[in-house]
Each structure stands twice: as structure tokens, then as C-alpha cells.
Amino acid sequence: ARVVDAGSDADERTVEAALRPRRLAEFPGQPRVRDQLSLVLEAARRRDAVPDHILLSGPPGLGKTTLAMIVAAELERPIRVTSGPAIQHAGDLAAILSSLAEGEVLFLDEIHRMARAAEEMLYLAMEDFRVDVIVGKGPGATAIPLELPPFTVVGATTRSGLLPAPLRDRFGFTGHLDYYNAVDLAAILTRSARLLAVEATDDGLAEIAGRSRGTPRIANRLLRRVRDYAQVHGQGVVDRAAAQAALELFDVDGLGLDRLDRGVLEALCKRFGGGPVGLSTLAVAVGEEADTVETVAEPYLVREGFLVRTPRGRAASALAWEHLGLTPPSGTSA
Ligand code: ADP
């Protein structure tokens with residue numbers, strides 16, 4: 001994976017797993033979601049019942065999977081992990097649902113990408129703890145209702161707007177994860193440095209925290225690259241100088257914008273006069289999938305005030321022109 005993209009590959013998943021906080025009390029940041037979740041779980045525990053289904057939404061790398069695992073740990077229940085793209089047929093879901101243990105947590109990552117037919121089966125299962133198993137084929141096929149033990153779905157999505165309303169309504173609680181502030185990121189990095197046995201100074205970690213696009217996954221990844229840099233070019237200590245040099249090497253700029261972020265802004269300003277321009281045109285210009293531009297780059301650019309969504313498309317703000325060191329054409333509206 002690129003150093004800055006928010007997805008993760010197999011190697012990285014091993015490191016990520018090692019860096020995941022295990023309990024709610026060790027989870028830095030997201031105080032609102034943490035408090036809400038803590039209440040939902042505590043109430044269920046006192047009723048001795050399974051909690052409502054939980055939906056977690058927000059950009060990649062902010063801790064949705066981590067929180068799902070924490071839910072299971074706090075409930076002291078097993079967790080089954082799967083994802084929308086892995087469920088292409090209703091039968092895939094039926095097989096999973098019919099093998100769940102009582103109180104088990106079913107984590108459905110990227111739930112918005114599940115097949116339509118499976119979605120319908122999921123509503124029914126979430127609502128009534130029941131699944132219709134189809135036996136036979138053609139006119140002779142019959143649906144045999146199968147009772148399921150109560151369980152909890154934890155769904156994660158980068159696009160809660162894409163979930164059909166009936167599915168969204170089955171979740172009793174939705175937690176919206178937002179980008180982390182630099183203080184929380186520094187706390188996460190301090191913990192990660194300790195777990196990875198990396199020697200680091202506070203200002204070194206603060207430098208990384210300030211340039212991680214508010215995203216723990218990126219912060220942890222940059223920490224490892226700065227550690228590499230410090231081992232090769234220094235004394236192995238992650239300090240401010242090592243952080244600055246390494247981040248420059250990996251194309252992370254002073255505000256934490258990465259290559260994709262800057263590519264989007266540059267295309268907007270240099271090729272489309274600042275916009276507005278449609279998402280798919282913009283995506284083609286930067287050579288990325290529209291979905292990547294929309295879920296990975298755009299939310300952060302919007303939140304930091306570089307990019308504006310208008311009814312006619314995406315437009316660069318004055319801040320974007322300034323950050324790129326360009327002069328906006330006179331008479332632009334953005
Ligand atoms: P998502 O599912 O939202 O894409 P993950 O839960 O997989 O994100 O988190 C990505 C990485 O970031 C993991 O290695 C995890 O340890 C780390 N991480 C996310 N949130 C936190 C947090 N609040 N504290 C510490 N580490 C975190």
C-alpha cells in the first residue's frame with residue numbers, strides 16, 4: 001500500500017492487530033462514541049440481554065474494526081468477522097447466521113457493499129432472529145424458517161448514506177467516528193511506540209500526530225516509516241528531525257496532506273480552474289476510483305476547508321489555492 005492511503009494490506013493487518021486497544025477504557029479519542037457505546041453495553045449487561053445492533057460510520061482507519069472487537073471483548077463474547085464484499089449471495093449470509101452462537105458479535109465491515117438479496121435476509125435476522133433457509137430448487141423449493149439465538153450485529157461503513165433505510169433502521173445505535181485531534185493522536189502514537197519498542201521524543205510524536213490526517217491508521221503507519229528512517233539515518237530515535245525528513249521523503253506535506261489529497265487539489269485548480277467539477281471527472285484526472293476520492297481524500301479535504309461540495313460538483317476553496325502556492329483566477333466564486 002502507499003504510505004498514505006487509508007486501506008491496509010495483509011502485512012499491515014498483523015501490525016495493526018498488535019496495536020489495537022482491547023478495551024473501551026484503553027481507547028483514546030472519540031469521547032462521544034465511547035460514552036454512548038459504554039452506556040449501551042452496560043445497560044445490556046445489567047439486563048443480561050444482547051445489546052441492540054450497532055452501526056459505526058466514518059472514514060477508513062478511524063477505529064471501526066477496533067471498536068467492534070472491543071464490543072465483543074466488553075461483552076465477553078466471541079466475534080465473527082466478515083465483510084459486505086465477501087457476501088455475494090444470500091446463501092453466504094445464511095451459512096454465517098445459522099452458525100452463530102448465542103450472544104455472538106457478528107462484525108460486518110463495509111456493510112454497504114453487501115449483495116441486495118443478502119440485505120433482506122439480514123433485516124429479518126436482525127429483527128426477529130430468524131432466517132429462511134431455502135431447500136430445493138425451482139417450483140419445489142420451500143423456505144424453512146430457522147430460529148437463531150440472539151446475537152449482535154456490529155456494522156461498519158464509510159458511507160452510511162448508501163445504506164438502504166430499512167437496514168439502517170435495524171440498528172438501535174449508530175456511532176459516527178470523526179477525525180482525531182492531534183492530542184489524541186499523540187496519545188495513540190505514544191502507546192504504539194511503546195508496543196513497538198520504538199524510542200521516541202514527544203516532539204517527534206507530535207510532529208507525526210500533526211501530519212496524520214486525523215487518522216490513527218495513518219499515524220501508526222507514519223510512525224513505522226519514521227522509525228525506519230531513524231534507524232537508517234540516525235540513532236534510531238524518532239525525534240522531530242527524523243519525523244520531518246521521513247515525512248518529506250514519503251510526500252506528506254506540512255499540513256499532513258498526502259499525494260492523493262494534493263493530486264485532487266492540483267487537478268481541481270490547475271485543470272479545472274478551481275471547479276466546480278463532477279466527482280467522476282475529477283477522479284479520472286487523478287487516476288483513482290471515484291469511490292476512493294470520495295471516501296478517502298474528500299472528507300478530510302472538506303473538513304479542513306480545502307474543498308467545497310456544491311450542487312454542481314467539487315470546488316477548490318481559497319485555502320486550497322493558497323496551500324498549493326497558486327493564485328486563483330479573478331472572478332471565481334469559491
Ligand atoms: P477502521 O475499521 O475504521 O478502518 P481500524 O479499527 O482497523 O479502522 O483501525 C486502524 C488502525 O488504527 C488499527 O491498527 C488500530 O489499532 C488503530 N486505531 C484506530 N483507532 C484507534 C484508537 N482510538 N486508539 C488506538 N489505535 C487506534
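Q: What does it take for a residue to be called buried, exposed or partly exposed?
A: A residue counts as buried if 20 or more other C-beta atoms lie within 10 Å of its own, as exposed if there are 12 or fewer, and as partly exposed in between. The model read here is a predicted one, and in it Arg309 has 15 C-beta neighbours inside 10 Å, so Arg309 counts as partly exposed.

Q: Where does Arg309 lie, and which residues does Arg309 touch once residues up to four places away in sequence are not counted?
A: Arg309 belongs to strand S8, which spans residues 307-310. With residues up to four places away in sequence not counted, Arg309 touches Val302 and Arg314. Both Arg309 and Arg314 are listed under "binding site" in UniProt, in an unreviewed entry.

Q: Is Arg314 buried or exposed?
A: The count of other C-beta atoms within 10 Å is 27 for Arg314, and Arg314 is therefore buried, the threshold being 20 or more. Arg314 sits in strand S9, residues 313-316, and, leaving aside neighbours within four places in sequence, Arg314 is in contact with residues that include Leu268, Pro276, Leu282, Leu307 and Arg309.

Q: Which other residue does the "binding site" annotation cover, and how is Thr65 placed?
A: An annotation should be read together with its source, and here the "binding site" label on Thr65 comes from an unreviewed UniProt entry. In the model, Thr65 is found in helix H3 and is buried, with 23 other C-beta atoms within 10 Å. Apart from residues up to four places away in sequence, Thr65 touches Asp109 and Ala156.

Q: How many residues surround the ligand, and which come nearest?
A: There are 19 residues around the ligand, and those that come nearest are Glu16, Gly63, Lys64, Thr65 and Thr66. Two or more residues of this shell come from each of helix H1 (10-19), helix H3 (64-75) and helix H9 (216-233). By residue class, the shell holds nine nonpolar, six polar and four charged residues.

Q: What does UniProt annotate over residues 50-183, and how is that stretch built?
A: The unreviewed UniProt entry assigns "domain: AAA+ ATPase" to residues 50-183. Over this stretch the model is 30% helix and 27% strand, and the C-alpha atoms at its ends are 34 Å apart.

Q: How does one read residues that are apart in sequence, taking Leu97 and Leu122 as a case?
A: Separation along the chain and separation in space are read side by side: Leu97 and Leu122 are 25 residues apart in sequence, while their C-alpha atoms are 8.8 Å apart in space. Leu97, which is found in helix H4 (residues 90-97), is buried, with 24 other C-beta atoms within 10 Å, and touches Ala125, Val131 and Leu148 when residues up to four places away in sequence are not counted. A second case is Gly172, whose C-alpha atom is separated by 8.7 Å from that of Pro51, although their positions lie 121 residues apart along the chain. Gly172 lies in the loop between helix H6 (165-169) and strand S7 (173-176), and its 13 C-beta neighbours inside 10 Å make Gly172 partly exposed. Gly172 touches Asp52 and His53, again not counting residues up to four places away in sequence.

Q: How are H9 and H10 placed relative to each other, parallel or perpendicular?
A: A helix pair is described by the approach of the two axes and by their crossing angle, and for H9 and helix H10 (residues 240-249) the axes come within 9 Å and cross at roughly 110 degrees. That angle makes H9 roughly perpendicular to H10. Among the residues that meet are Leu222, Val226 and Tyr229 in H9 and Ala242, Ala246 and Leu249 in H10. The residues of this contact divide into ten nonpolar, no polar and one charged.

Q: At what angle do H8 and H10 cross, and which residues make their contact?
A: The axes of H8 and H10 come within 7 Å and cross at roughly 25 degrees, and the two helices are therefore roughly parallel to each other. Asp203, Gly204, Glu207 and Ile208 of H8 make the contact with Arg240, Ala242, Ala243 and Gln244 of H10. Here the division is three nonpolar, two polar and three charged.

Q: Which residues of H8 are buried, and what covers them?
A: In helix H8 (residues 202-210), the buried residues are Gly204, Leu205, Glu207, Ile208 and Ala209. Their cover includes helix H7 (182-195), H9 and H10.

Technical notes
Residues numbered from 1 in each chain as written. Predicted model: local features only at pLDDT ≥ 70, side-chain atom pairs only at ≥ 80, totals over all residues. Near = placed C-beta within 6 Å. Helix = DSSP H or I, 4+ residues; strand = E, 2+ residues; numbered from the N terminus. Nonpolar A, V, L, I, M, F, W, Y, C, P; charged D, E, K, R; others polar. Axes fitted to C-alpha atoms, helices over the stretch in contact; angles between N-to-C directions. Parallel < 35°, antiparallel > 145°, perpendicular 65-115°, else oblique. Contact = placed C-beta atoms within 7 Å. UniProt positions renumbered as here; feature names shortened; annotations may be inferred.
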